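Q: Here is a structure with a bound ligand. Can we go through the terms used for its surroundings?

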Amino acid sequence: MKQTVSVKNIGLRGVTVADTKISFIDGEKGILIYRGYRIEELAERSTFMETAFLLLNGYLPSTKELDNFENQMRKNRELPDYIYDCLRRLPMDADPMDMLQGAVPLLAMVDPDLHEDSRDANFRMAQRLIAWLPAVTAAWHRIRNGRDPLPPDTTLSHAANFLWQLTGTKPDAEMARYLDCCLVLHADHTFNASTFACREVCSTRAHMYAAVAAGIGALSGSLHGGANARVMAMLLDLESEKDLAGWVKDHIDRGERIMGFGHAVYKTMDPRAAYLKDMATKLGKSKGMEKWDRLSKDLERIATTEFVARGKTEIKPNVDFFSAPVYFMMGIPRDLFTPIFAISRIAGWSSHVIEEKFAEAQDKPMLYRPQAEYVGNYCGLMGCVYDPLTARQEQELS
Ligand code: SDX
């Protein structure tokens, strides 16, 4: 017997599954808050290291606390040697997000705290992952280009050291500051798909590395973190397009998505996009690459006008729309845009894993286990078919 009920996958939209003290989004007003602080303030005045401490601990560190945190992070930058051997055995054309997801369980195997499920042990695992993900990404990029990985430079900031290990050039202060700011902006975003994947996995009492590997997998999707690389592919395709408005109309008419536009929560412009839009203008000028800044703003204006004309006034640029030209103008390879998203979001993921595991008693059970409406068939081999209708009647009668 075929069930007639059909439940569209609502994507858990508007469903609250737990409390969190880590971040908050006001989708109507375009506001993002990390542990009580507006993202604009942190982007302007904080650093990624300080923001990571804030997300993990729930308060801004004293100078001494931040020094201790940063010193430990610098010590953690060294990768275990066997990781380089493993990276060298990978197919050189592997997708960097697949490489990154594959590296996480390999790193877990050498974490001395892996099976100690205390808050302090998880904090130390978070510090290793925040230091190791950029190191693995940079090492992989050099190995796939036939070069040796570079040792970390403990005199450089977290962002500057990543650019050094990636490119072999010590970045100037402006570039390092721009990347650090991007890492602050991408660090957390409440229960987005990859963060919820991490929380779901660790709700089974799996360790942090298992959760983060799931988060990286979720982030790689084109509707989530994978969008930034696709925004840049779109801009490169449109470099010589003479009729942008016509292209936008045809693209939407064909049911295609304008990458970097729209959001499951924001009904106005993503505050991170507003910040990155300004950064793209400054970078365009300092790099003499204004054309990418102009093209992205032309596309923003034309696409926004088209969405309004179609009554979709809530579809605005999201974080990926302007991070793409920013990373491109920084000289970062396009297929590393999403790994950079992960290098930042690891601060949020690890904070959510710690909250999921150790937050004071919540009225939610530990394990996430949603329901599903069965709309399949009922069959029987010997004619004894389960009939939900009579089964319910028998249940009511009993
Ligand atoms: C991130 O959740 C987070 O917080 C994520 C993130 C984070 O920091 O973790 O903010 C990072 O993932 C940002 C989003 C990056 N993805 C993209 O830029 C891909 C393009 N955007 C879309 O695919 C879309 O906007 C989503 C997936 C992001 C959100 O879409 P929703 O809320 O699930 O809405 P929907 O897909 O059901 O679309 C509703 C309507 C549809 O039209 P109809 O079928 O009703 O006619 O809006 C249309 C969609 O076609 N629409 C778009 C569009 N986004 C929505 N049409 C064209 N281009 C788009 N970008």
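Q: What makes a residue count as near the ligand, and which come nearest?
A: One of its heavy atoms must lie within 4 Å of the ligand. There are 24 residues around the ligand, and R13, H189, R257, H263 and R272 come nearest. This is a predicted model: local features need pLDDT of at least 70, side-chain atom pairs count only at pLDDT 80 or more, and totals for chains, interfaces and linings use all residues. Residues are numbered from 1 along each chain as its sequence is written, and side-chain values use heavy atoms, with hydrogens and water left out.

Q: What makes the pair between H263 and the ligand a polar contact?
A: A polar contact is a pair of N or O atoms within 3.5 Å; within protein, one must be able to donate a hydrogen and the other to accept it, and residues adjacent in sequence count only if both atoms are side-chain atoms. A polar side-chain atom of H263 is 2.6 Å from a ligand oxygen, so the pair fits the cut-off.

Q: Which backbone atom lies 2.8 Å from a nitrogen atom of the ligand?
A: A backbone N or O atom of F261 does.

Q: How is the shell around the ligand split by class?
A: The shell has 9 nonpolar, 8 polar and 7 charged residues. Ala, Val, Leu, Ile, Met, Phe, Trp, Tyr, Cys and Pro count as nonpolar, Asp, Glu, Lys and Arg as charged, and the others, Gly among them, as polar.

Q: Why is the ligand said to lie between domain 1 and domain 2?
A: Domain 1 (20-227 + 334-357) and domain 2 (246-328) both give residues to its shell, so the ligand lies between them. The bounds come from an automatic or database domain assignment.
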